[in-house]
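Please look through the sequence and the model below before reading the report that accompanies them.

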Amino acid sequence: MLNPVELPRCPQTQTTTSNTDTDRMAQPEWTCIFQMKTKDLKQGDTWRLEFDEIIVPDCPNPGWEQYIRNTCARFKCTKCGRGWPSNRVMVVFHMRLTSGHGVVKVRPFCQNCKQCSDAPMEKPKITSENIDILLENLVEKIRIKCYHEDLGKGHRPFISLDVKSPHEPAHCEACIAGICTRN
Ligand SMILES: [Zn+2]
Ligand SMILES: [Zn+2]
């Protein structure tokens, strides 16, 4: 059951529910950072990260904990090629620990181009640095929610981008879902 030898590898792990090129490219990096950050959690416990585009914010399955965080990312329209940055990119995590096996499901929320009609929803491209910050904050949340540790410190803020144009609620999947950051 316990196989610590598996931890340090950086494989394209296990189950995915999505299969675009962007996903396949992004996942090893997320998995790698995730394995590094979770290896110091309780000795013998294993943790796995899965991308899951169908998890519903505020409705984790029974027994699952939720963590929602804002980050920044760039998007690129696959229809016209236009790119844009956003500091309001929501990432939803659902996590559960059972008998030493932890699973985290992650869903970054998409945006689409405001200039194209019927523009497809595009996945965010998040920098390594911000993935690192996101996952570091996630692991703190795991310590609190799954291991009931009292850490008593705040989260590490993301590195923001220079965004000139206003946020576009009509083109933001998280706004449409009603979970986008509101300042
Ligand atoms: Zn476009
Ligand atoms: Zn939004």
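The report goes from the overall fold to the sheet, then to the core, and ends with a residue in the closing segment.

## Overall fold

The model is predicted, and the protein it describes contains three helices and four strands. Followed along the sequence, these elements come in the pattern α-β-β-β-β-α-α.

Of the 183 residues in the protein, 30% are buried. When the contacts with a separation of 6 or more are considered, 68% of them join residues that are 24 or more positions apart.

## The sheet and the helix packed on it

The four strands make up an open sheet, in which they are arranged in the order β1-β4-β3-β2 and the pairing is mixed. Because β1 and β2 each have a single partner strand, they stand at the edges, and one side of each is left without a neighbour in the sheet. On average, and with direction ignored, neighbouring strands of the sheet are turned by 25 degrees against each other.

The pairing between β2 and β3 is antiparallel and extends over eleven bridges; within it, Glu 65 is found opposite Met 95 in β3. Helix α2 packs on the sheet, where it touches β2, β3 and β4, and the direction of α2 makes about 175 degrees with that of β2.

## The nonpolar core

The largest nonpolar core consists of 29 residues, and those with the most contacts inside it are Val 91, Phe 93, Val 104 and Leu 138. Two or more residues of this core are supplied by each of the helices α1 (21-38) and α2 (128-145), and likewise by each of the strands β1 (46-51), β2 (65-76), β3 (83-98) and β4 (101-108).

Val 91 can serve as an example of how such a residue is surrounded. If its neighbours within four places in sequence are left aside, Val 91 is in contact with Arg 69, Thr 71, Val 106, Pro 108 and Leu 134.

## A residue in the closing segment

Where does Thr 181 lie with respect to α3? Thr 181 belongs to the segment after α3 (173-177), and, not counting residues up to four places away in sequence, Thr 181 touches Asn 70, Arg 88 and Met 90. The C-alpha atoms of Thr 181 and Val 89 are separated by 8.4 Å, although the two residues are 92 residues apart along the chain.

Is Thr 181 buried or exposed? Thr 181 has 14 C-beta neighbours inside 10 Å and therefore counts as partly exposed, since being buried requires 20 or more such neighbours and being exposed 12 or fewer.

How values were computed: Residues are numbered from 1 along each chain as its sequence is written. Chains are lettered from A and ligands numbered from 1 in the order in which they are written. This is a predicted model: local features need pLDDT of at least 70, side-chain atom pairs count only at pLDDT 80 or more; totals for chains, interfaces and linings use all residues. A nonpolar core is a set of buried Ala, Val, Leu, Ile, Met, Phe, Trp, Tyr and Cys residues joined through C-beta atoms within 7 Å. Two residues are in contact if their C-beta atoms, placed from the backbone, lie within 7 Å. Two strands pair if DSSP finds at least two bridges between them. Axes are lines fitted to C-alpha atoms, for helices over the stretch in contact, and angles run from 0 to 180 degrees between N-to-C directions.
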